[in-house]
Amino acid sequence: GQIDLIGESQLVQKRYNTNQLNESILEPTSSGFIERDQQGTYNEYNYNYWSSPVSPTGSGINADYSVGAVLLDGTDSSNPLDITWASGYDTAAPTSPITMSSYWIYKFNGTANTYSVWSQVGSTGSIEAGIGYTMKGSGTSEAYQNYVFKGIPHNGLIENSLAIGDELFLGNPYPSSIDAMEFIKDNIPGPNANPGSSNAIDGTIQFWIHYNSNTSHNLNEYEGGFAMYNLLDEGIPPVSSQLVTTDGFWISGLGSSDLKPGQFIPVGQGFTTFAIEEGTGGNVKFENDQRFFMRESDPDESIFLRMANNQEQQSQNVSEPIKKILLSAKTPESTFRTLLLGFVSDAIVTDSFDFGYDARNPDSYPSDISWSIDEQRFVMQGVGPFEPIKQYPLIVDVGSTGTIEISLLELKNFDENIDVFVYDALLGTYTQINNLSFQAPLEPGIYPDRFYITFQDDSALSLEELNKKNIIVNYLNSSQDIYIKTPESNIIKQVYLINMVGQTVKSWN
């Protein structure tokens, strides 16, 4: 038999009991198949990150596949044709069926952020179910290229191994959307994971976005970057700057995009994820209960990241919305990074690292601005409920003399607007950034304890008011401890040790 998933149709098979039986059963050796369309970039110089929702007809459910065995030219969706594969860098002039370059089809599973680990598979190489692959555009003159996946649909549990310290290129393996938040909770350690979690990943997923302004196959001329998403239920766009890997490869740093991923990952969409940094590794798993029917054509819901539209996905969560602060951080080289701070009320989230809620900064730029969590660099930070007395430190890296700039992009889900300040501990100044950006000229160096994001200035609690609270602070010479005694009515959230010139030397939660 044949099922033609026309337009945005999807095949959703959900788990309905603890034995993981499915509502529909597929014959593994069936000669039947499904067909499902997906649209990729038109630009022959640009990658999309892909993943097949099917294996070749007759090969068995969740069998390995090759791109050439499952992907067809869908220019005429009702009459898909075999693609002509060429070995060179470029596609041919528009033909029927289309001619595609097999040279740019790669997969990845290895040491994180290491360019040499990419493995070329071409149109005939074997790819495991759930593993993603790269493929460049067809060169069509249309706004996008339509493809058709044809084969036996993937279904049920799909697992792929991920070693400690590695990065894995995955993709939605099903002929339906999947819920990114459910996928993350099924694969992270810690108190916010689902029962039976694989404990394999740190909880942030990355989506490559190649800018349509890109016109070169040369790596150092690429224009693109990684957008990110985690349990804060907010995507952040890619950085507009150079990207350097551990083995010394750079991209141009030109171009930009404000395209952001969201909660639902469409059919055929590939992405990358990082392993946890300690332990023994594990298997990253996809399950049917991650599957969800969500159309890409529904406004603000689900997007295949091909630069064909500019919609932002919107959450379908029914729990209390996470309060969010989005900042824009600009370096002296005019690198723009989006930083996200989320206040979580209905999960166990701390000021230290939390799986699924904190996204490490994976980049190595000469200048950059990051959240500081346990003195490590992060670009997305989840904390507990909003408390206006708290301060959140930044790490500022400066590679060349110039001015940094920090501005407020957006406040989300606050009942009323709050004030947001940048506190400069060296100068003792508070700069409100709700309407104007904060700027500071800096010499090259690392500034780990100077700049903080806070929500009230120094007028909120004067020294005189502090003294009236009968707080006693002593230095104990014998043990070299700082002794602090407060009335029982006071709940102490944070303690800061500040030197004579206003620098924060140490802080304790």
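Is strand β13 (residues 145-153) largely enclosed by the rest of the structure or exposed, and how many of its residues are buried? Here are my notes.

1. First, a reminder that this is a predicted model. As for the question, eight of the nine residues in β13 are buried, so the strand is largely enclosed by the rest of the structure. "Buried" here means under 20% relative accessible area.

2. Now look at who sits beside β13. Strand β2 (residues 33-40) pairs with β13 over seven bridges, and the pairing is antiparallel. If you want a spot to find on screen, go to I34, whose bridge partner in β13 is G151.

3. Strand β5 (residues 71-73) pairs with β13 too, through three bridges, again in the antiparallel sense. Try L72 here: V148 is its bridge partner in β13.

4. Then there's strand β4 (residues 54-55), which runs antiparallel to β13 and is joined to it by two bridges. Click on V54 and look across to P153, its bridge partner in β13.

5. While you're tracing strands, keep one general idea in mind. Side chains in a regular strand alternate between the two faces of the sheet.

6. Now for the surface. E320, D346, D415 and E416 form a negative patch there. Pick out E416 from that group: you'll find this residue in the loop between β29 (402-412) and β30 (421-424).

7. Is E416 buried or exposed? E416 counts as exposed because its relative accessibility is 62%, and the cut-off for exposed is over 50%. Set that beside β13, where eight of the nine residues are buried.

Definitions and conventions. Residues are numbered from 1 along each chain as its sequence is written. This is a predicted model: local features need pLDDT of at least 70, side-chain atom pairs count only at pLDDT 80 or more; totals for chains, interfaces and linings use all residues. Side-chain values use heavy atoms; hydrogens and water are left out. Patches are made of residues with over 30% relative accessible area and no salt bridge: like charges are joined within 9 Å, nonpolar side chains (Val, Leu, Ile, Met, Phe, Trp, Tyr) within 5 Å. Accessible areas come from the Shrake-Rupley method with a 1.4 Å probe; for residues, only the protein chains shown count as cover. A salt bridge is a side-chain nitrogen of Lys or Arg within 4 Å of a carboxyl oxygen of Asp or Glu. Lys and Arg count as positive and Asp and Glu as negative; His and the chain ends are not counted. The place of a charge is taken as NZ of Lys, CZ of Arg, CG of Asp or CD of Glu. Helices (H or I, at least four residues) and strands (E, at least two) are DSSP runs, numbered from the N terminus. Buried means under 20% relative accessible area, exposed over 50%, partly exposed in between (1.4 Å probe, protein chains only). Two strands pair if DSSP finds at least two bridges between them.
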